[in-house]
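Welcome, and please load the model in your viewer. We will go from stop to stop, selecting a few residues each time.

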Amino acid sequence: MLKRVFYITIPTAVAVFMAATLLFQISRIPRFIEVKKKFTSSEQAILDRQGLIIDEVRVNKQVRRLNWTEIEKVPPVFVEALLKAEDRRFFYHPGFDPFALLKAGIFRLLYGKVERGASTISMQMAEMVEALGGVKSQRRSISQKLLQIQKAIALELSWTKREILEAYINLIFYRSELQGIAAASFGLFDKAPTALTRPESAVIAALIRSPNATVERVRERACALLEALEFPQDCTFLSSSHMHHIEEGYRIRPFIKLAPHIAQRLSKNPKLRQMNLVRSTLDRQIQWVALHALQKHISALQSQNVNDGAVIVIENATGNILAYVGNIGSHSKSPYVDAVMASRQAGSTLKPLIYAKAFEERILTAATILEDSPLAISVTSGLYKPSNFDRAFRDLVSVRNALAASLNIPAVRALELLGVETFVQTLRDLGFTGLQRADFYGPSLALGSADVRLIEIANAYRTLANGGIWRPLRFSPELPSEEAPRRVFSQEAAFIVTDILSDRQARSSTFGLENSLSTRFWSAVKTGTSKDMRDNWCLGFSEKYTVGVWAGNFSGAPMWNVTGVQGAAPVWQEIMNYLHRNEPSGSPYTPDGVVRMPVKFTHTNAERDEVFIRGTEPVEGKVETKAEIVSKITYPLDESLIALDPDIPRENHRLFFQIAAPRGDQNLYLNDRRLGRARNFIQWEPQTGHYILELRDSHGQIVDRVRFEVRGRRLALAK
C-alpha cells in the first residue's frame, strides 16, 4: 500500500510543481498591449498645432526604431520567409518544437555542432520579453533551456500566435542598431514594410539569424529562402542595389523635415525630451508657404549675391510662432545655421521704436518738424556724419514723413532728443539680449548699429501691434511662459507709430505708392538695410499676424545693390497675402488718449489730418518750424551714479555730457560754474562728489537739470 502511494505521489507532485511553476511564469508575462505600449520610436515627432507631423528628431542614440508595425501591414511573403528562416512549424507547436530539438540533439552528438538552432520564435520572444524587464540573457545550460521552454509555453498560453509574431518582427534586431521591421525596411530599402518586394523580404528575413553577417553570406541565405519559397528566379534580382545599404551603411530619411531648427530646440528641452510626440505652435501649411516663398525669392536674388534668409510668423494675440524658417533648407550651404536666432545688424528697423518712445515721453509728435540737413556729431572717435540712403537732404520734414520714408538724419536727431541710455533700456525692456552699454553705440544706434535677432525684432514689432504691451513668444503649448507681460510703450504712442507705418502716402516719397510693402488689406510695415548692405530686413504686422524676414549672407558678405524693398519685402508680402487670402485685416481702433485733428505747417502752408497724444496737439492746429523741439540733457541721466575705475590712469578718465537739440544762446553749468556754450557733446574730467548739471538759456532760466554722483578714487582737481 505504501509503495502504491509513493509511486502515485511522485508523478503527481512533479505535475503539480510543473503546473505551479508554469502558472508563476504566466503571471510574470506582461500583456501584449503593455509590451506594444512600451515600444517607443527612437524618433521624436514634432506636431503642428493641428496634430500633423511637421518634423522628426532622433532622440534615442542607443537604438534606431520607428513606429510599431501591425502584422497585417507587412507582405505575406515576408512572413513566409521569416517562418522558413526561423520557425517552420510556428503555427503548430505549443511554444517549443520537439522535432527541431531532436534534430539539434542528434547533430550535436554526431558532429559536435548544431547546423540549425532549435529555438522557436516563441522561445526567442520569451527571452526578449524577459529582457524588457531588465533580465539579461546568459549562455544556456540544459536546465536553463528547459526553463526557456517553460517560459515559451507560458507565453503561448498568454498571447495569441498573431500577437507573438507581431511582437517578434518589431522587437528583433535586423542589422546593426536597426530594431523592428519598420526601421529595417526604411533603413535598408527606403520604403515602408508594405512595399517590400520578395527579394527584399528575403534579404531582411536572412538578416535575423546573423544581423552582422557579410554581404555574400546574406545573399546566400536570401537565395536559399527564395528557393524554399519556390521563387528561385528572384535570386537574379538580388543586385548590388539590394545590398548597397547592407554593405555601405543604412540611412533613414525623415518622413518630413519642414522645421528642423524649432524641432531641435524642442527636442533639447528637458521637459519634452522623453515625449514621443511633441506638439508645437507651428502651422504646417504656413511653414511650407514661408519656406517656399523664401527659397523662391532668395534664388531670384543669387545673381546679386543674396544666398541666405530667414522667416518668422507670429500670431499677435497669443504669441504662438506659426512659422519658423531658420534658412532656405536643402538649398542652403549651411543648413544647420539658424538665422532666426543669429545676431545681425538692425539697420533702420529700430527707428519705429525710437519714435514710439519719443512720443511716449512727449519729446516729439507725429507733426514735429525735424531737420534733414548735413549733421556732424562729436564722438570719442571723432566726428559722426550720418547721411540718408539716397545721399539727398530734404531740409525740414515732419516726423511722420521722416519715419515713413526711413530718413536717417531725422532719426539720429530723434535719438539725440530721447537719449541713447533711455533707448538702450527700452530695447532691453523689449527683450533684446546681447546689447552693449549705451556709450558703446552713441548716435549710430539710430541707424541700427546694434546686433539684434530676427526673433527679437519681430516680437518688438508685435509689441507695437499689441498696443505697446510686450509678451513672450510660445514654441509649444507644452511649455508655459515664465515671463509676465509688460508695458513698454503707451497705447497712444504705439498707435501713432502704427498709423505712420501703415501710411502709404507718407512713405511714397521714398518707396512709391505701389511696391512690395503694399497689401490689399490693412498692414503696417518697415524695411531696413544695414551698413554695406550686409543685412536686409522687412518687418510688419496686420491685425492678427506679425511677419519678420531677413535676407543676406551667413558669411557676412555684402549684397549687391539690394534694398529692403527688393530683398526681404517680396517674401514678407507673399506670406502676408497668403495669411489673409480669406481673412480681412482691420486697422486698430483709436485709443481715447489720441486726438485726430487737422494741422497746418507754417513753413509750407501744407495741411493734413494728424494724430497726437492728448495734450501734445499744437495750438490752433499750427505747426511751427522746430517749435515743439525742447533742448534736453540726455546724459548723464538724473540721479545717476558714476563709478571711477582705480585701475585706469587719471588722464584716461573722461565723461561726456550729452545735450539734445542745443540752442546757440544756451549755456551749461555744473554746480553753478559755467562750462561753456551748450553743444551736443561736452567733455569733462570727472571728480568724486555730488553734482547738479544745468542747461540755461540766455536769460539764465533753467531749461533742464540733472543730479548725479561720481564715486571712486579721489582725483586731483583739474586746473
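Start by selecting strands E6 and E7, which form a hairpin with 5 residues between them. In the turn, look for glycine 319, whose phi is positive at about 80°. Keep in mind as you go that this is a predicted model. E6 covers residues 308-315, and 4 bridges join this strand to E7 in an antiparallel arrangement. For one facing pair, pick isoleucine 314, which stands opposite isoleucine 321 in E7.

Now keep just E7, residues 321-325, on display. Is this strand enclosed or open? E7 is largely enclosed by the rest of the structure, because 5 of its 5 residues are buried.

**An open sheet**

Next, select E1, E2 and E5. These 3 strands form an open sheet in the order E2-E1-E5, with mixed pairing. At the edges are E2 (53-58) and E5 (277-279), each pairing on one side only. Neighbouring strands in this sheet are turned by 25° against each other on average, ignoring direction. As a general point, strands of a sheet pair through backbone hydrogen bonds, either parallel or antiparallel.

Zoom in on E1, residues 43-47, which pairs with E5 in the parallel sense over 3 bridges. There, leucine 47 stands opposite arginine 279 in E5. Then add helix H12, residues 260-267, to the view: H12 lies across E1, E2 and E5 and runs at about 55° to E2.

**A buried helix**

Move on to helix H14, residues 351-360. How many of its 10 residues are buried? The count is 9, so H14 is largely enclosed by the rest of the structure. Among the buried residues are Leu353, Ile354, Tyr355 and Phe359, and also Lys351 and Lys357. Just after H14, click on arginine 362, which takes a positive phi of about 60°.

**Two cavities**

A search of the whole structure finds 3 cavities of 30 Å³ or more. In general, rolling a probe the size of a water molecule over the atoms shows where empty space is left.

For the largest cavity, with a volume of about 80 Å³, select Leu415, Glu416, Val420, Gly442, Pro443, Thr634, Gln658, Ile659, Asn680 and Phe681. Helix H16 (408-418) and strand E24 (655-660) each supply at least two residues of this lining. By class, the lining has 5 nonpolar, 4 polar and 1 charged residues.

The second largest cavity has a volume of about 70 Å³. Its lining includes Leu403, Ile500, Asp503, Arg507, Phe511 and Lys526. Which element gives the most to this lining? That is E16, with 3 residues. Helices H15 (399-404), H20 (491-501) and H21 (504-511), together with E16, each supply at least two residues. This lining is made up of 7 nonpolar, 1 polar and 3 charged residues.

**A loop to finish**

Stay with E16 (524-529) and follow the chain into the loop between E16 and strand E17 (535-541), where aspartate 532 sits. Methionine 533 is found in this loop too. In general, most residues other than glycine have a negative phi. Here, though, aspartate 532 has a positive phi near 65°, and methionine 533 has a positive phi of about 55°.

Are these two residues buried or exposed? Aspartate 532 is partly exposed, with a relative accessible area of 46%. Methionine 533 counts as buried because its relative accessibility is 16%, under the 20% cut-off.

Conventions:
Residues are numbered from 1 along each chain as its sequence is written. This is a predicted model: local features need pLDDT of at least 70, side-chain atom pairs count only at pLDDT 80 or more; totals for chains, interfaces and linings use all residues. Side-chain values use heavy atoms; hydrogens and water are left out. Helices (H or I, at least four residues) and strands (E, at least two) are DSSP runs, numbered from the N terminus. Buried means under 20% relative accessible area, exposed over 50%, partly exposed in between (1.4 Å probe, protein chains only). On a 1 Å grid over the protein atoms alone, a cavity is a set of points where a 1.4 Å probe fits but cannot get out, and a pocket is an open set with protein on both sides within 12 Å along at least five of seven lines; lining residues have an atom within 4 Å of a point. Grid points are joined across faces, edges and corners, and a volume is the space filled by probe spheres set on the points. Ala, Val, Leu, Ile, Met, Phe, Trp, Tyr, Cys and Pro count as nonpolar, Asp, Glu, Lys and Arg as charged, and the others, Gly among them, as polar. Two strands pair if DSSP finds at least two bridges between them. Axes are lines fitted to C-alpha atoms, for helices over the stretch in contact, and angles run from 0 to 180 degrees between N-to-C directions. Contact means heavy atoms within 4.5 Å.
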